[in-house]
Amino acid sequence: MLREASIKVIKELFWELQNIRDGISYEILESGIRFSIDGSERIFTSFDGLSNNEMKTLIYKEFLKEDISLPWGILTGIKPLKLYARSDDKEAFKEKFFISDEKFELLERTYKNQALSFKPKYSLYLHIPFCKGICSYCSFYTNDITKKNYDYAKYVEAVIYEMSMESKRRDISEPDSIYIGGGTPSALDHDSIERLLKYIKENYKFKELTFECGRADTMDASLLDILDEYGVTRICINPQTMNEQTLKRVHRRANIEELYKTYELARVYDFDINMDLIIGLEGEGKLDYIDSVKKLIAMRPESITIHNLALKRRSVITKEQFRLENIDLSKEIYTLLYDSSYEPYYMYRQKMTNSNLENVAFALKDKASIYNIISMNDLTSIYAFGAGAVSKYIEVAELRRKFNYKDIALYINSVYNKDIL
């Protein structure tokens with residue numbers, strides 16, 4: 001009888017294969033698998049006692065015989081760089097997982113750019129689950145402020161209280177980095193944002209403070225003044241695409257002219273700026289993606305993150321059974337960024353994603369995000385606060401997670417009732 005974990009990884013491998021090629025079907029048997037490639041059937045019935053990698057290797061070799069391959073081979077995990085970093089023999093690692101030359105070079109290049117000039121201790125994450133509308137591809141826990149009124153002040157006070165309680169359990173006064181994400185933190189009213197940042201400035205000493213503005217239509221000079229006054233060092237302004245028609249299709253209420261104006265406004269300050277793009281959005285083609293990348297490079301933000309569209313369970317497009325178009329532009333896009341002095345510094349993969357590819361952040365020299373490097377590689381504990389926030393406690397080789405309630409009322413209740421341990 002196959003283990004549940006084995007069934008899971010086999011399903012993940014076949015999802016990736018079926019995503020790039022028609023004519024593939026499979027059936028999981030009690031102790032093996034039956035699958036066909038263009039009607040030609042294979043049966044393996046002796047998986048008992050084999051490791052997950054050994055099973056995947058047997059299956060994958062049959063596809064190689066048919067000249068069918070995956071860019072990441074049989075490596076189906078979320079954080080390939082963690083495995084790469086732990087391997088003593090990098091070439092053997094590449095061969096073991098059948099990783100393509102292109103992706104192996106990306107691993108090498110990204111790993112080289114992750115060196116920190118200090119020994120990391122811990123970081124903080126604050127979740128702000130409010131957005132000015134929900135984009136069709138989004139699966140993050142958030143709440144649409146256009147459909148319901150929320151008491152932001154009450155929520156922010158609960159987050160501050162939770163942080164103060166954590167400070168009584170352990171000293172978290174000097175984190176390497178603090179990341180305020182969401183959601184869209186800039187969707188809060190300015191008084192609430194100022195209250196939160198004032199508390200942080202008065203109680204914590206940090207190397208980096210990121211505020212994820214996200215959408216240009218939630219930003220103005222008054223907000224930027226507040227961020228600057230209270231020590232924010234890094235902000236995110238994420239267009240996702242530079243095609244205005246696409247923005248409308250994905251229910252993102254924004255326009256490109258507003259993005260340019262907001263960006264120029266932010267440039268008056270000393271923030272490092274990150275900008276995100278998504279490859280695989282409905283209605284876009286190769287020229288659209290290349291055009292968006294070129295436009296962002298011309299704007300010259302300190303960091304550009306390239307995401308490949310993933311079909312997440314909670315997103316609108318997944319519920320509507322959106323079909324990924326399998327567009328692989330990674331070589332062209334990465335070359336554009338390399339030629340413009342952007343280097344990859346963190347990466348991760350997701351299930352059910354465009355072309356089975358990866359998400360990669362690129363940064364100019366010395367502009368990589370401390371939080372992203374630490375978080376993506378699980379280098380240290382991250383203490384997380386807010387509704388839906390997930391803390392990661394890392395002690396020696398063990399990683400333990402603590403999940404906060406997602407429902408805002410339940411979260412606030414639990415904080416004041418000392419329910420969060």
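This is a walk through the side-chain packing, charge pairs and backbone features of a predicted model.

Let us begin in the interior. The largest nonpolar core holds 106 residues, and the members that touch the most others are Leu126, Leu197, Ile200, Leu227 and Ile235. Helix α6, spanning residues 152-169, contributes the most to this core, with seven residues. Ile200 is a good place to look at the packing in detail. Setting aside its neighbours within four places in sequence, Ile200 is in contact with Leu126, Met163, Ile178, Ile180, Phe206 and Leu209. One of these partners, Leu126, is itself among the core residues that touch the most other members. A second core, separate from the first, has 11 residues, including Val250, Ile278, Phe322 and Leu324.

Aromatic rings come next. The model has 27 aromatic pairs. Take Tyr199 and Tyr204: their ring centres lie 5.9 Å apart and their planes meet at 70°, and because an angle over 60 degrees counts as edge-to-face, that is how this pair is classed. Both Tyr199 and Tyr204 are buried. Elsewhere, one aromatic cluster is formed by Phe14, Tyr26, Phe35, Phe44, Phe47 and Phe63. Rings also meet charged side chains. The charged end of Lys90 sits over the ring of Tyr111, 5.5 Å from the ring centre. In a similar arrangement, Lys207 lies over the face of Phe118, with 4.5 Å to the ring centre.

Now turn to two arginines, starting with Arg349. This residue lies in strand β12, which covers residues 343-349. Is Arg349 buried or exposed? Its relative accessibility is 2%, and since buried means under 20%, Arg349 counts as buried. The side chain of Arg349 makes a polar contact of 3.1 Å with that of Glu16. Beyond residues up to four places away in sequence, Arg349 touches Glu16, Trp72, Leu75, Thr76, Gly77, Ile78, Pro80, Asn356, Leu357 and Glu358.

Arg109, in helix α5 (residues 101-112), is the second arginine to visit. With a relative accessibility of 22%, Arg109 counts as partly exposed. Which residues does Arg109 contact, leaving aside its neighbours within four places in sequence? They are Tyr338, Glu343 and Pro344. Of these, Glu343 is 234 residues away along the chain, yet the C-alpha atoms of Arg109 and Glu343 are separated by 7.8 Å.

Charge pairs deserve a tour of their own, as the model contains 30 salt bridges. In one of them, the side chains of Glu62 and Lys65 meet with an N to O distance of 2.9 Å. Both residues belong to helix α2 (residues 52-65) and sit three residues apart, about one turn of the helix. Glu62, at 13% relative accessibility, counts as buried, whereas Lys65 is exposed, with a relative accessible area of 59%.

Another bridge reaches across the sequence: Asp378 pairs with Lys79, their closest N and O atoms being 3.1 Å apart. This pair links distant parts of the chain, 299 residues apart, with Asp378 in the loop between α14 (370-376) and β14 (381-385) and Lys79 in the loop between α2 and α3 (80-86). Asp378 counts as buried at 11% relative accessibility, while Lys79 is partly exposed, with a relative accessible area of 21%. Arg215 and Asp217 form a further salt bridge, in which the closest N and O atoms are 3.4 Å apart. Both Arg215 and Asp217 are buried. Shared partners also join salt bridges into one network of Arg42, Glu62, Lys65 and Glu66.

Finally, the backbone. Most residues other than glycine have a negative phi, and most peptide bonds are trans. Against that background, three places are worth finding in the structure. Gly182 and Gly183 are joined by a cis peptide bond, with omega about 20°. Gly183 is found in the loop between β7 (177-182) and α7 (190-203). Phe98 has a positive phi, near 60°, and lies in the loop between α4 (90-97) and α5. At 23% relative accessibility, Phe98 counts as partly exposed. Asp378 also has a positive phi, near 50°. So the loop residue that forms a salt bridge with Lys79 also has a positive phi, and it counts as buried at 11% relative accessibility.

Key: Residues are numbered from 1 along each chain as its sequence is written. This is a predicted model: local features need pLDDT of at least 70, side-chain atom pairs count only at pLDDT 80 or more; totals for chains, interfaces and linings use all residues. Side-chain values use heavy atoms; hydrogens and water are left out. A nonpolar core is a set of buried Ala, Val, Leu, Ile, Met, Phe, Trp, Tyr and Cys residues joined through side-chain atoms within 4.5 Å. Buried means under 20% relative accessible area, exposed over 50%, partly exposed in between (1.4 Å probe, protein chains only). Helices (H or I, at least four residues) and strands (E, at least two) are DSSP runs, numbered from the N terminus. Contact means heavy atoms within 4.5 Å. Rings of Phe, Tyr and Trp (its six-membered ring) pair if their centres lie within 6.5 Å; planes under 30 degrees apart count as stacked, over 60 as edge-to-face and the rest as tilted. A charge sits over a ring if NZ of Lys or CZ of Arg is within 6 Å of the ring centre and within 35 degrees of the ring normal. A polar contact is a pair of N or O atoms within 3.5 Å; within protein, one must be able to donate a hydrogen and the other to accept it, and residues adjacent in sequence count only if both atoms are side-chain atoms. A salt bridge is a side-chain nitrogen of Lys or Arg within 4 Å of a carboxyl oxygen of Asp or Glu.
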